[in-house]
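Visitor: I should like to examine this model term by term. Please show it, and let us then ask what justifies each description.

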Amino acid sequence: SRRLASSAAGSMRPIWWEEMGGGTMKGYANANGIKLHYLDYGGAEPTLLLAHGLTANAHSFEGLVAALDGSMRVIAVDLRGRGLSDKPASGYSLEDHARDMLGLLDELGLYQVVVAGHSYGGALAYVLAAEYPERITACIAIDAPAAPDPGILDQIQPVLDRLEVTFPSMEAYLEHVQSMPWFDGRWNDQLDVFYRTDVQQLPDGSVQSRARPAAIRQSIIGLLEVDLAALVASIAVPTLLIRAMEPLLPGAPLLFPKEEAESALESLRDGRLIEIKGHHYDVVLGRAATETAAAIRRFVAAG
């Protein structure tokens with residue numbers, strides 16, 4: 001059922017939401033001048049606010065949410081320019097994204113939350129924890145570099161190119177992503193949900209990514225404009241760093257190398273580091289998501 005509710009924060013701006021079954025709600029909230037799409041999976045307190053990776057969407061946490069199994073209330077957001085959220089021409093700095101998230105919390109009547117982010121979303125979690133400690137009780141960064149490589153824009157050009165590819169059908173698209181070597185023998189229902197929601201179907205039946213290449217490019221530029229290492233060092237709230245120990249491909253560089261993770265840990269005032277056997281996608285959508293969820297539960301319970 002679909003409903004229109006007034007804002008829990010009292011602003012009287014509408015929130016559209018739809019019950020999806022299983023205790024999950026799909027909603028749209030007015031936040032920071034745009035419409036953000038979010039998933040509220042329900043669960044016990046505290047509330048865990050999730051920010052996804054660079055080109056991903058809220059469904060990229062399906063495996064992690066399933067493993068958390070209602071132990072905390074989980075809200076996952078489509079960042080602007082991705083998924084079903086608005087895609088304005090500008091406003092893709094980390095600070096813009098942070099204000100979007102705070103606006104969503106205001107609309108939902110949530111003053112304090114635990115924030116967690118995967119990959120690029122981890123950088124956003126760092127910003128929220130460092131700059132808005134009154135709103136963030138704890139920070140969790142999942143395989144999120146604390147010192148991004150300045151050459152990242154060139155490195156991910158093939159990803160940007162893929163976003164503009166049109167596949168003849170959903171089946172052709174899923175066949176393409178399932179053929180990726182890092183998913184060999186690892187495909188599961190959570191990955192299927194994520195990739196199906198990653199694309200929009202065009203009138204002729206073909207499909208194309210919902211993420212806008214211009215938004216991704218601007219997000220990367222905004223990321224590189226921030227001294228992330230200094231920002232991490234300024235975080236005062238308890239922070240958990242989760243590092244995937246395996247590369248996507250044999251011999252490939254790790255996104256969050258051990259030395260970088262240990263340097264970030266040393267700079268934190270109240271930090272913990274957990275290393276998980278699995279690669280970058282495993283830790284939220286694959287076989288390692290259960291271990292990630294267990295680490296998060298222990299961290300949150302410890303306060």
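Visitor: What makes strand 7 and strand 8 a pair?

Guide: Two strands pair if DSSP finds at least two bridges between them. Strand 7 (residues 113-118) and strand 8 are joined in the parallel sense over six bridges, so the pairing criterion of at least two is met. Within this pairing, Val113 has Ile136 of strand 8 as its bridge partner. The strands themselves are DSSP runs of E with at least two residues, helices are runs of H or I with at least four, and both are numbered from the N terminus.

Visitor: On what kind of model do these statements rest, and how are residues numbered?

Guide: This is a predicted model, in which local features need pLDDT of at least 70 and side-chain atom pairs count only at pLDDT 80 or more, while totals for chains, interfaces and linings use all residues. Residues are numbered from 1 along each chain as its sequence is written, and side-chain values use heavy atoms, with hydrogens and water left out.

Visitor: Why is strand 8 called largely enclosed?

Guide: Buried means under 20% relative accessible area, exposed means over 50%, and partly exposed lies in between (1.4 Å probe, protein chains only). Six of the seven residues of strand 8 are buried, so the rest of the structure largely encloses this strand.

Visitor: Is Asp143 buried or exposed, and how do you know that?

Guide: Asp143 has a relative accessible area of 2%, and therefore counts as buried. This residue lies in the loop between strand 8 (136-142) and helix 4 (152-155). Its phi is positive, about 50 degrees, although Asp143 is not a glycine.

Visitor: Why is Asp69 called exposed?

Guide: Its relative accessibility is 67%, so Asp69 counts as exposed. Asp69 is placed in the loop between helix 1 (62-68) and strand 6 (73-77). Phi of Asp69 is near 50 degrees, a positive value in a residue other than glycine.

Visitor: What is the peptide bond between Glu45 and Pro46 called?

Guide: The bond joining Glu45 and Pro46 is cis, with omega at about 5 degrees. Pro46 belongs to the loop between strand 4 (34-42) and strand 5 (47-51).

Visitor: How do you know whether the radius of gyration of the chain agrees with that of a compact globule?

Guide: The radius is taken over C-alpha atoms, and the globule rule is 2.2 Å times the number of residues to the power 0.38. For 303 residues a compact globule would have a radius near 19 Å; the chain has 18 Å, which agrees. Of these 303 residues, 54% count as buried.
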